[in-house]
Amino acid sequence: MLSIQNLHVEVGGKPILKGLTLELKAGEVHAIMGPNGAGKSTLSYVLAGRDGYEVKAGSITFLGQDLLAMDVSERAAAGLFLGFQYPVAIPGVSNLHFVRAALNAQRKARGEAELSAAELMKLAREKGKLVELPADLMKRAVNDGFSGGEKKRNEIFQMAMLEPKLAVLDETDSGLDIDALRVVASGVNALRSPERAMLVITHYQRLLDHIVPDRVHVLVDGRIVESGDKSLALRLEDEGYEKIRATAAVSGAAS
Amino acid sequence: MTTSEIEDVLAKRYEAGFVTDIEQEYAPKGLSEDIVRFISEKKSEPAWMLEWRLKNYRHWLRMKEPRWAAVSYPAIDYQDLHYWAAPKIGSAPKSLDEVDPKLLETYEKLGIPLHEREILAGVQRPEGDPDRPRVAVDAVFDSVSVHTSFKEELGRAGVIFCSFSEAVHEHPELIQKYLGSVVPFSDNFFATLNGAVFSDGSFVYIPKGVRCPMELSTYFRINAAKTGQFERTLIVADEGSYVSYLEGCTAPQRDENQLHAAVVELVALPGAEIKYSTVQNWYPGDEDGRGGIYNFVTKRGVCKERAKISWTQVETGSAVTWKYPSCILEGDDSIGEFYSVALTNHAQQADTGTKMIHLGKRTRSTIVSKGISAGRGQQTYRGGVKIAKGAVGARNHTQCDSLLIGNRCGAHTVPYVEVHEPSAQLEHEATTSRIGEDQLFYCRQRGLSEEDAVGLIVNGFAKQVLQELPMEFAVEAQKLLGVSLEGAVG
Ligand SMILES: Nc1ncnc2c1ncn2[C@@H]1O[C@H](COP(=O)(O)OP(=O)(O)O)[C@@H](O)[C@H]1O
Ligand SMILES: [Mg+2]
C-alpha cells in the first residue's frame with residue numbers, strides 16, 4: 001500500500017528526515033514512536049503533501065502511484081487521510097457542511113456520484129455514534145471552540161466519513177483523558193479493515209494498549225532506528241528514548 | 001501554499017461582463033441645463049419634476065467632489081459622459097412579448113426572471129413547498145425600466161411597485177411628498193448630481209398594515225459605454241407594513257471606468273419594517289485595475305416610531321465603492337440594522353460603512369461589517385454612530401471583522417462615535433484575521449480544491465451577514481463570493 005524509500009526532507013533548509021524507509025501493507029497498523037522533534041509530524045505532512053516540506057531524495061509509492069507527483073487534494077481523493085495533531089478551526093462553516101463538501105469533492109474526483117443531503121445525514125449519524133460525537137458538534141463550526149478531546153474525536157469522525165485507504169494519525173492521543181482516549185481508540189479500531197492501513201504516530205505507549213499495532217517503529221532524529229512488534233513499545237516505555245537515542249547516535253556516526 | 005501562490009489563483013472571472021448588441025439612443029455628451037431638460041422631456045415629466053431637477057443641477061454647480069474617502073481614482077470629467085442612454089424600444093412595452101428579445105436574452109443570461117412563472121436561476125423550488133416566496137422584478141437597462149413583473153398581483157394587495165418614471169406620472173402626490181425627504185437635494189455632490197439627471201429606478205409603496213406578498217427586486221444593468229448610470233429608488237412603507245426588497249447590479253467588462261451614482265431613500269412610517277438587500281456586482285475592472293465601475297451611492301432611511309430598517313449588502317463588484325447606507329432613527333423605539341460583506345480583490349477599493357443616527361428614545365442599532373481583502377484590494381470600514389441629546393436609553397452594537405488573503409491587501413477601520421446622551425450604551429468589537437496556510441492545508445487534505453477551500457472559509461467568515469439575505473439571494477451571493485475570489489489562492 002505504502003512504500004517509503006530512503007526519504008530525505010528539509011524544512012526551511014534544515015534536514016529533518018534523513019533517509020527514512022518504511023513499508024506498510026493493506027490491513028496493517030503500524031505505530032511510529034519517537035521523542036519530540038524527531039520528525040514524526042514532518043513525516044505526516046510530507047505524506048499529505050504540505051508546502052514547505054522539501055523532498056531532497058527518496059521516493060514514496062502509494063497504491064502503485066508516485067505520491068510525490070500528486071497534489072494535496074489528489075492524495076486525499078486517492079484515499080490518504082491525515083488526522084492532525086493540531087486540528088484547525090474554520091469559523092462559520094458547520095462541521096457537517098464541511099465533511100459533506102470534503103466527501104463530495106473526493107467522490108467527484110474519483111468519478112463517483114455525490115451524496116445527497118439525506119444520504120449524508122444518515123451516514124453522519126451512523127459514523128457519529130462510532131466516536132460518540134455529540135449531535136451539536138456536527139452543527140457547530142469546524143473545530144471552533146472545541147475542546148482538545150472534541151477536536152480529536154472530530155478527526156476520527158471525519159476519517160470514518162471519508163473511509164480512507166490509508167490513515168495517518170498524528171498524536172491522536174495527545175491531550176486526551178483516559179475516557180476520551182478509549183472512545184477515540186475504539187473508533188479507530190472499528191475502522192480497522194483488511195483493505196485499510198493505518199500509521200499511528202504517538203509519543204506515548206499508552207495509546208498502543210488500546211490500538212494494538214502490527215509493527216512498531218522508533219523514529220529518532222529523522223531515521224527509523226529500530227522496528228519490532230508491539231513489545232518494542234513496552235520496552236521503550238521502560239527504557240525511555242535516551243538509550244535508543246544513544247545507540248542511534250553511535251550507528252549514525254558509524255554510517 | 002505560499003502567499004504569492006495564494007494570490008495567483010485569484011484571476012478574477014466576471015461572468016456578467018458581456019455586452020448586449022442593441023440599438024441605443026443617447027443624449028449628447030456633457031452636462032448642462034439643456035441636458036437636464038432633455039432628460040425630463042424624454043420622460044414627458046410634469047413641470048414640478050423638471051423644476052426639482054434644475055434646483056439640484058444649479059446647486060451641484062457650486063459643489064465640490066468629496067475626496068475624504070480612502071480611495072484614489074483619476075479626476076472624472078463630467079463633460080465627457082452621456083447622461084442618458086436607452087435601448088430603442090419605441091413606446092413602453094405593455095407585456096413581455098413586446099420587449100426586445102435581445103433584452104430578454106440579456107436578463108436570461110444574467111439569471112434574472114422576468115417571466116412570472118420563473119424564479120431566480122440556480123435556485124430550485126423545494127418540492128412540496130409551493131408557497132416559497134416569489135420575486136417580482138423591475139428590470140432597469142441603462143437609463144430606463146424595461147419591465148416590471150407581478151404588477152397586477154401586487155396591485156390587488158394595494159402595493160405599488162413600478163418604475164420611478166411611471167410613478168412620477170401615476171402617483172405624483174406620493175413622489176412630491178417623499179422625494180428628497182430623506183436625502184435632501186443639497187445632501188452631497190453625488191446625490192445632488194443624481195437629483196439633476198436621474199434616469200430611472202424603482203418606486204415602492206406598501207399601504208398601511210400590508211405585508212407585501214412577495215419579495216420585490218430591481219435589477220440594474222449598465223450596458224452602454226461612456227454612460228453614467230443614475231438611478232433613484234424610493235420606498236415608502238406605510239404604518240405597520242412590511243416589505244423585503246432586493247437590488248442587484250451588473251455591467252459589461254469595459255476598459256474605461258464608468259460612473260454610477262445612485263440614491264436610495266427609504267421611509268418607514270410608524271411600526272413599518274423595510275428589509276433592503278443589495279448584491280452589488282458591478283464590473284470590478286481587470287487584475288491591473290483597468291476599467292470597472294465607480295460606485296458612488298447615497299442610501300438612507302428614516303424610521304418613525306417602532307419602525308425598523310435593515311440594510312444588508314454584499315458588495316463584490318466595482319473598481320471604487322463609496323457607500324454608507326444609513327438610518328435616521330427618528331421615532332422612539334425604532335431600530336436600524338446594517339449587515340455588510342464587502343470584498344475587494346486585485347486593485348479594487350472600497351470605502352464603505354454606515355451611519356446610525358439616534359434621535360428617538362430607546363432606539364437601537366446593530367452594525368455587522370465583514371470586510372474581505374485579497375490581491376492589492378484596499379478596504380476601509382467607515383462607520384458613524386451618533387446619539388443625540390434626548391435619545392434616552394439608545395443602544396448600539398458594532399462588530400467589524402476583516403479577513404485578509406495574502407499580504408499585499410489592506411483593511412482599515414474608521415469608527416466615528418458621537419454621544420450626547422449619557423444613558424446611551426455602545427459596544428464596539430473589531431477583529432482582523434488572515435486566511436491561514438494551515439486552514440487551507442486542512443481543507444485541501446480533506447479533498448477540497450484550493451478555490452473551494454477559499455470559498456468555504458470566506459463564506460464561513462461572511463455567514464452572519466449572508467444569513468440575513470432572503471434565501472434565494474443568499475445562494476447567489478455565496479457563489480459570487482467564490483467566483484470573485486478566483487485567482488486569490490494558488
Ligand atoms: N516549519 C518549520 N520550520 C523549521 N523547522 C521546523 C518546522 N517544522 C518542524 N521543524 C523542526 O523539525 C523538527 C521535527 O519536527 P516535527 O516533525 O514536528 O517533530 P515531532 O512531530 O516528532 O515532534 C523539529 O526540530 C522542529 O523544530
Ligand atoms: Mg508532532
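This section describes a magnesium site and a helix pair in chain A, followed by the overall make-up of chain B, in a predicted model.

In the site formed around the magnesium ion (ligand 2), the protein donors are the OG atom of A:Ser41 and the OE1 atom of A:Gln85, which lie 2.1 to 2.4 Å from the ion. A:Ser41 belongs to helix H1 (residues 40-48) of chain A, whereas A:Gln85 is found in the loop between strand E6 (80-83) and strand E7 (90-94) of chain A; the pair therefore ties together parts that are 44 residues apart in sequence. Both A:Ser41 and A:Gln85 are buried.

Elsewhere in chain A, helix H6 (residues 148-162) packs with helix H7 (residues 178-190) at an angle of about 10 degrees, and the axes of the two helices are 10 Å apart. Because of this angle, H6(A) is roughly parallel to H7(A). The crossing in which H6(A) passes H7(A) is left-handed. On the side of H6(A), the contact is made by A:Arg153, A:Ile156 and A:Met159, while H7(A) contributes A:Val183, A:Val184, A:Gly187 and A:Val188. Of the residues in the contact of H6(A) with H7(A), five are nonpolar, one is polar and one is charged.

Chain B was examined as a whole. Its secondary structure consists of eleven helices and 24 strands in chain B. Of the 490 residues in chain B, 64% are buried. Among the contacts in chain B with a separation of 6 or more, 84% are accounted for by residues 24 or more positions apart.

Definitions and conventions: Residues are numbered from 1 along each chain as its sequence is written. Chains are lettered from A and ligands numbered from 1 in the order in which they are written. This is a predicted model: local features need pLDDT of at least 70, side-chain atom pairs count only at pLDDT 80 or more; totals for chains, interfaces and linings use all residues. Side-chain values use heavy atoms; hydrogens and water are left out. Donors are N, O and S atoms within 2.8 Å of the metal (3.2 Å for Na, K and Ca); water is not among the atoms, so sites may look incomplete. Helices (H or I, at least four residues) and strands (E, at least two) are DSSP runs, numbered from the N terminus. Buried means under 20% relative accessible area, exposed over 50%, partly exposed in between (1.4 Å probe, protein chains only). Axes are lines fitted to C-alpha atoms, for helices over the stretch in contact, and angles run from 0 to 180 degrees between N-to-C directions. Angles under 35 degrees count as roughly parallel, over 145 as roughly antiparallel, 65 to 115 as roughly perpendicular and the rest as oblique. A crossing is left-handed if the near helix is turned anticlockwise from the far one by less than a right angle, and right-handed if clockwise. Contact means heavy atoms within 4.5 Å. Ala, Val, Leu, Ile, Met, Phe, Trp, Tyr, Cys and Pro count as nonpolar, Asp, Glu, Lys and Arg as charged, and the others, Gly among them, as polar.
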